[in-house]
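Visitor: I am new to this structure and would like a close look at a single part of it. Please pick one residue and follow its surroundings outward.

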Amino acid sequence: MSSWPPKGYSSGTAYLQVRAGRYVSDLKVVKSTQRKPEIVEPGCVVVKIELRVPRAAFQPLKPSAIVTVPEELVQHVVEAEAVGDE
């Protein structure tokens, strides 16, 4: 049985609120949090990111990564509030 995170790695979760930028392929990160946001900024979608970084990366250097989210993983959440006749 494998362990999570793999030996020698640190892991964490981030929620990014992103919206389409000015150009077709442009994306703007509006907000990032460690917990799922209760309020989503207007025009944004929330992307949950699971991060796994080698512990050796925490040296005096700046690690970076490119993450591509496949379209089939996109989930559109619609929330509504019922209002009674008062």
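Guide: What follows starts at one residue, Q17, and works outward to the rest of the chain. The model is a predicted one.

A word on the overall layout comes before the close look. The chain has three strands and zero helices. Read from the N terminus, its elements come in the order β-β-β. Q17 sits in strand β1, which covers residues 9-20.

Is Q17 buried or exposed? Its relative accessible area is 1%, and the limit for a buried residue is under 20%, so Q17 counts as buried. Across the chain, buried residues make up 10% of the 86 residues.

Next come the neighbours of Q17. Setting aside residues up to four places away in sequence, Q17 touches K28, V29, V30, K31, P37, I39, V40, E41, C44, V45 and V46. Two of these names, K31 and E41, will return below. In the pairing of strands, Q17 stands opposite K31 in β2. With E41 there is a polar approach: a polar atom of the Q17 side chain lies 2.7 Å from the backbone nitrogen of E41.

The strand around Q17 has partners in both β2 and β3. Strand β2 takes in residues 27-33 and pairs with β1 in the antiparallel sense, over six bridges. Six residues lie between β1 and β2, and the two strands form a hairpin. Besides the position of Q17, another bridge in this pairing sets Y15 against T33 in β2. Toward β3, which takes in residues 45-54, β1 is joined by 10 bridges, and these two strands also run antiparallel. One place to find that pairing in the model is S11, which stands opposite R52 in β3.

Now to E41, whose backbone nitrogen lies 2.7 Å from the side chain of Q17. E41 belongs to the loop between β2 and β3. Leaving out neighbours within four places in sequence, the contacts of E41 are Q17, R19, V30 and K31. R19 is 22 residues away from E41 in sequence, yet their C-alpha atoms are 9.0 Å apart in space.

What do the side chains of E41 and K31 form where they meet? They form a salt bridge, with 3.1 Å from N to O. This pair links distant parts of the chain, since E41 is in the loop between β2 and β3 while K31 is in strand β2, 10 residues apart. The relative accessible area of E41 is 26%, and that of K31 is 36%. Partly exposed is the class between the 20% and 50% limits, so E41 is partly exposed and so is K31. Q17, by contrast, is buried at 1%, although Q17 touches both E41 and K31.

The whole structure holds two salt bridges. Apart from the pair just described, there is one between the side chains of K48 and E50, at 3.5 Å from N to O. E50 has a relative accessibility of 47% and is partly exposed.

From here the view can widen to the surface. The chain exposes about 8400 Å², and carbon and sulfur atoms supply 54% of that area. V67, V69, L73 and V74 make a nonpolar surface patch of about 360 Å². Among them, V67 is placed in the segment after β3, and L73 is placed there as well. V67 has a relative accessibility of 56%, and L73 also stands at 56%. Exposed means over 50%, so V67 is exposed and L73 is exposed. L73 can also be located against a residue earlier in the chain: V47 is 26 residues away in sequence, with 9.9 Å between the two C-alpha atoms.

One figure for the whole chain closes the tour. Of the contacts with a separation of 6 or more, 51% are between residues 24 or more positions apart.

To return to the starting point, Q17 is a buried residue of strand β1. Q17 stands opposite K31, and its side chain has a polar atom 2.7 Å from the backbone nitrogen of E41. K31 and E41 are themselves joined through their side chains by a salt bridge.

Methods:
Residues are numbered from 1 along each chain as its sequence is written. This is a predicted model: local features need pLDDT of at least 70, side-chain atom pairs count only at pLDDT 80 or more; totals for chains, interfaces and linings use all residues. Side-chain values use heavy atoms; hydrogens and water are left out. Helices (H or I, at least four residues) and strands (E, at least two) are DSSP runs, numbered from the N terminus. Buried means under 20% relative accessible area, exposed over 50%, partly exposed in between (1.4 Å probe, protein chains only). A polar contact is a pair of N or O atoms within 3.5 Å; within protein, one must be able to donate a hydrogen and the other to accept it, and residues adjacent in sequence count only if both atoms are side-chain atoms. Contact means heavy atoms within 4.5 Å. Two strands pair if DSSP finds at least two bridges between them. A salt bridge is a side-chain nitrogen of Lys or Arg within 4 Å of a carboxyl oxygen of Asp or Glu. Accessible areas come from the Shrake-Rupley method with a 1.4 Å probe; for residues, only the protein chains shown count as cover. Patches are made of residues with over 30% relative accessible area and no salt bridge: like charges are joined within 9 Å, nonpolar side chains (Val, Leu, Ile, Met, Phe, Trp, Tyr) within 5 Å.
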